[in-house]
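Please look over the sequence and the model shown below before reading on. The report is meant to be read beside them.

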Amino acid sequence: MKFGVQLPEAEYEATWPEIRDMARIAEDSGFDSIWLGDHLLYRFETGPAGPWEAWSMLAALAAVTERVTLGPLVAATPFHSPAMLAKKAATVDEISGGRLVLGLGAGWNRLEFDAFGFPYDQRVSRFAEAFEIIRRLLTTGEADFEGRFYTIRECELHPRPRLGGPPLMIGSNGERMLGLTLPYVEYWNSWYRNFNNQVDDLRPLMAKIEQSAVELGRAPGEVRKTVALLVAFESIRAPSRYVETTPAITGSITQMAEALAGFAGAGVDHVMLVLDPITADSVAAAAEVVASARDLISS
């Protein structure tokens with residue numbers, strides 16, 4: 001099982017040097033991947049908050065790392081024209097030397113749609129057209145498409161993306177979204193709130209995904225299962241703009257490592273750790289947990 005970490009989103013206003021340092025610690029300490037949320041604005045009881053623009057930050061991270069996989073967890077297609085999102089993905093993939101995984105979703109937080117002027121209605125129908133355009137452009141380098149929401153004429157990506165394009169990931173559990181994407185994606189991802197951060201609650205969801213993928217023509221296990229997990233370090237203090245109500249994986253290094261190893265036993269291919277708090281110290285502490293989990297998994 002591979003291990004990744006999500007960098008700060010809206011917990012506090014992290015600066016670029018802080019984000020860069022966390023990424024370097026993650027890479028140097030053995031993490032396999034680094035992820036960013038593609039969001040724009042939240043409003044908590046403590047006030048408004050939001051992350052830096054995800055694709056600019058991914059390009060910067062691609063330039064200051066060498067080994068780790070990078071990706072949005074996940075990119076909201078309504079925030080970008082589909083052809084431009086494909087162009088951004090191809091560019092970040094080039095900067096990183098082919099380390100991008102393109103996570104895609106339809107978005108959910110209406111607040112940021114309204115605030116930034118993006119339509120919120122018929123999100124799945126809009127996603128269906130966007131996904132088709134993005135997929136075609138990244139796999140073939142060209143597309144001509146006329147739909148209800150998006151139209152592109154003789155669009156081409158130059159320079160061309162790498163052969164086949166970066167692998168795609170779907171961040172959704174919805175039946176219609178899965179039907180649109182499971183025939184094509186390499187990865188499926190689910191957020192910890194969808195299964196209460198518990199491996200026993202995840203098992204039936206993963207079984208559903210596997211059954212759907214096979215029914216849509218994929219080989220058993222061909223779509224890799226990835227999940228975001230909430231991991232808390234109670235001894236590390238940092239400011240936060242919101243209170244998380246989902247129970248976190250916490251405790252001693254051994255206890256947390258055993259919990260993570262349990263997800264490997266359930267068939268998860270890759271976990272993305274959402275750290276509470278998310279600081280340089282917590283990334284380093286999480287690396288110790290990951291090392292211990294790897295030992296348990298391999299023993």
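What follows is a report on a buried threonine, one helix and several salt bridges in this predicted model.

**Thr226 and its surroundings**

Thr226 belongs to strand β12, which covers residues 224-232, and with a relative accessibility of 1% this threonine counts as buried, because the cut-off for that class is under 20% relative accessible area. When neighbours within four places in sequence are set aside, the contacts of Thr226 are Met169, Tyr187, Trp188, Asn189, Ser190, Val268, His270 and Met272. Asn173 lies 53 residues from Thr226 in sequence, while the distance between their C-alpha atoms is 12 Å.

**Helix α9**

Helix α9 runs over residues 280-298 and has 19 residues, and from its first C-alpha to its last it reaches 27 Å, close to the 27 Å expected at 1.5 Å a residue. Its buried residues are Ser282, Val283, Ala285, Ala286, Ala287, Val289, Val290 and Ala293. What do the buried residues of α9 pack against? Their partners are β1 (2-6), α1 (16-28), α8 (253-265) and β13 (270-276). An α-helix has 3.6 residues a turn, so residues three or four places apart point the same way.

**Salt bridges**

The count of salt bridges in the model comes to 15, and three of them are set out in the table, with the distance given between side-chain nitrogen and carboxyl oxygen.

| Pair | N to O distance |
|---|---|
| Arg160 and Glu142 | 3.1 Å |
| Glu156 and Arg160 | 3.7 Å |
| Asp200 and Arg203 | 3.5 Å |

Arg160 thus forms a salt bridge with Glu142, and its side chain also meets that of Glu156. Arg160 lies in the loop between β9 (151-156) and β10 (168-171), whereas Glu142 lies in strand β8 (residues 142-146), so the pair ties together parts that are 18 residues apart in sequence. Arg160 is partly exposed, with a relative accessible area of 39%, and the two glutamates are likewise classed as partly exposed, Glu142 at 41% and Glu156 at 43%.

The pair Asp200 and Arg203 sits within a single helix, α7 (residues 199-215), where the two are 3 residues apart, about one turn of the helix. Is Asp200 buried or exposed? Asp200 is exposed, with a relative accessible area of 55%, whereas Arg203, at 41% relative accessibility, counts as partly exposed. Elsewhere, salt bridges that share partners join Glu132, Arg135 and Arg136 into one network.

Key:
Residues are numbered from 1 along each chain as its sequence is written. This is a predicted model: local features need pLDDT of at least 70, side-chain atom pairs count only at pLDDT 80 or more; totals for chains, interfaces and linings use all residues. Side-chain values use heavy atoms; hydrogens and water are left out. Helices (H or I, at least four residues) and strands (E, at least two) are DSSP runs, numbered from the N terminus. Buried means under 20% relative accessible area, exposed over 50%, partly exposed in between (1.4 Å probe, protein chains only). Contact means heavy atoms within 4.5 Å. The expected span of a helix is 1.5 Å times one less than its number of residues. A salt bridge is a side-chain nitrogen of Lys or Arg within 4 Å of a carboxyl oxygen of Asp or Glu.
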